[in-house]
Amino acid sequence: LAKSARLIFGLYSGYILLGMILYLLCGMDAFDAFNHAVAAVSTGGFSTRAGSIYEYHSLSIELVTILLMLFGSTSFLVHICLIRGKFKDFFLHSETLFSFFLLVSTIAISATLLFLTGYEGEENLALTAAFQMVSALTTTGFQSVQSMSSLPHFFLGIMIILMLIGGGLGSTAGGIKQYRIIVCLKGIKNWITGARNSKKIVHHVFIRKADSLNLLETKDYIENYVFIALYLLFFVTGSFAFSCFGYSAED
């Protein structure tokens with residue numbers, strides 16, 4: 001436990017130091033650089049500026065923030081694989097593949113829809129989409145636009161879905177966590193496959209983690225379904241409570 005704690009503390013501190021240096025090189029002062037590095041790696045999203053990252057009007061700062069948010073939302077187990085040079089394990093990790101698919105697809109869809117709907121809030125629509133989708137999936141909350149209310153409803157809808165999914169299991173990010181969503185999807189696929197085929201056929205479903213290939217059992221599915229159901233129950237109840245105080249359903 002002590003060895004693991006030291007390793008995680010070292011990783012966490014190293015990423016904060018790296019983020020601070022990169023922010024300084026991008027033109028931030030030391031105070032802002034330190035605070036934004038901590039807030040990005042911890043996926044906390046707190047900024048020293050009222051307008052968040054948007055106030056800097058800097059492409060380099062936005063790119064550094066995207067990198068740090070992704071660091072924070074990645075499992076520490078996966079980071080260890082990278083440090084030890086196990087690149088194959090990193091790229092084959094189920095959450096790495098899933099988050100890559102989610103971000104590429106949602107960024108492409110949202111940027112295209114922004115263009116087709118004539119959104120004129122920002123010059124670089126692809127970067128706007130990329131920053132906000134990463135911020136949503138990592139549950140960080142930084143923004144690179146002047147006002148979130150200026151974004152189209154479909155854009156905010158995609159962000160809400162990504163916020164519910166969240167980051168990797170064993171990371172600083174919130175949400176249901178990508179691992180549980182993957183298990184849920186595999187369970188649905190397995191149920192459909194089983195319904196189509198003979199009951200005598202036994203299907204084994206595996207999920208790949210950074211350092212192992214694990215067999216999913218019935219209890220794994222049940223635990224994930226219960227967790228997701230409870231999470232959504234609290235989410236819906238909380239949303240309803242806010243609506244009782246005059247907030248719109250979207251807010």
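The following paragraphs describe selected local features of a predicted model, from its charged pairs to its aromatic contacts, backbone geometry and nonpolar surface.

Side chains of opposite charge can pair when their charged atoms come close. In the present model, three salt bridges are found. One of them is formed by the side chains of Arg49 and Asp32, with a nitrogen-to-oxygen distance of 3.4 Å. This pair connects distant parts of the chain, since Arg49 belongs to the loop between α2 and α3 whereas Asp32 lies in helix α2, the two being 17 residues apart. The partners differ in their burial class: Asp32 has a relative accessible area of 5% and is therefore buried, while Arg49, with a value of 30%, is partly exposed. Arg49 also forms a salt bridge with Glu55, in which the closest N and O atoms are 3.9 Å apart. Glu55 is classed as partly exposed because its relative accessible area is 35%, a value between the limits of 20% and 50% that bound this class.

A further salt bridge joins the side chains of Lys219 and Asp220, at 3.6 Å from N to O. Here Lys219 is partly exposed, at 49% relative accessibility, and Asp220 is buried, at 16%. Salt bridges with shared partners, by contrast, connect Asp32, Arg49 and Glu55 into one network.

The loop between α2 and α3 holds further features. Most residues other than glycine have a negative phi. His57, which is not a glycine, nevertheless shows a positive phi of about 50°. This residue is located in the loop between α2 (30-41) and α3 (59-72). With a relative accessible area of 59%, His57 is exposed, as this value lies over the 50% limit. Ser58 is likewise found in the loop between α2 and α3, but Ser58 is buried, its relative accessible area being 12%. The side chain of Ser58 is engaged in a polar contact of 3.0 Å with the side chain of Ser60.

A positive phi is also present at Thr139, where the angle is about 55° although the residue is not a glycine. Thr139 is placed in the loop between α7 (125-137) and α8 (153-165). The relative accessibility of Thr139 is 23%, so this residue counts as partly exposed.

Aromatic contacts were examined next. A search of the whole structure identifies five aromatic pairs. Among them, Tyr15 and Phe71 form a stacked pair, with ring centres separated by 4.4 Å and an angle of 25° between the planes. The pair bridges distant parts of the chain, with Tyr15 in helix α1 (residues 2-25) and Phe71 in helix α3, at a separation of 56 residues. Tyr15 counts as buried because its relative accessibility is 13%, under the 20% limit for that class. A contact between a charge and an aromatic ring is provided by Arg180, whose charged end sits over the ring of Phe227 at 3.7 Å from the ring centre.

On the surface, Leu185, Ile188, Trp191, Ile192 and Tyr225 make up a nonpolar patch of about 520 Å². Helix α9 (residues 178-196) supplies the largest share of this patch, namely four residues. One of the patch members, Leu185, is found in helix α9. Leu185 has a relative accessibility of 44% and is consequently classed as partly exposed; this value satisfies the requirement of over 30% relative accessible area for membership of a patch.

Finally, one position in helix α6 was considered together with a residue elsewhere in the sequence. Ser94 is situated in helix α6 (residues 94-116) and is buried, with a relative accessible area of 11%. Between Ser94 and Ile61, the separation in sequence is 33 residues, and the C-alpha atoms of the two residues are 29 Å apart in space.

Methods: Residues are numbered from 1 along each chain as its sequence is written. This is a predicted model: local features need pLDDT of at least 70, side-chain atom pairs count only at pLDDT 80 or more; totals for chains, interfaces and linings use all residues. Side-chain values use heavy atoms; hydrogens and water are left out. Patches are made of residues with over 30% relative accessible area and no salt bridge: like charges are joined within 9 Å, nonpolar side chains (Val, Leu, Ile, Met, Phe, Trp, Tyr) within 5 Å. Accessible areas come from the Shrake-Rupley method with a 1.4 Å probe; for residues, only the protein chains shown count as cover. A salt bridge is a side-chain nitrogen of Lys or Arg within 4 Å of a carboxyl oxygen of Asp or Glu. Buried means under 20% relative accessible area, exposed over 50%, partly exposed in between (1.4 Å probe, protein chains only). Rings of Phe, Tyr and Trp (its six-membered ring) pair if their centres lie within 6.5 Å; planes under 30 degrees apart count as stacked, over 60 as edge-to-face and the rest as tilted. A charge sits over a ring if NZ of Lys or CZ of Arg is within 6 Å of the ring centre and within 35 degrees of the ring normal. A polar contact is a pair of N or O atoms within 3.5 Å; within protein, one must be able to donate a hydrogen and the other to accept it, and residues adjacent in sequence count only if both atoms are side-chain atoms.
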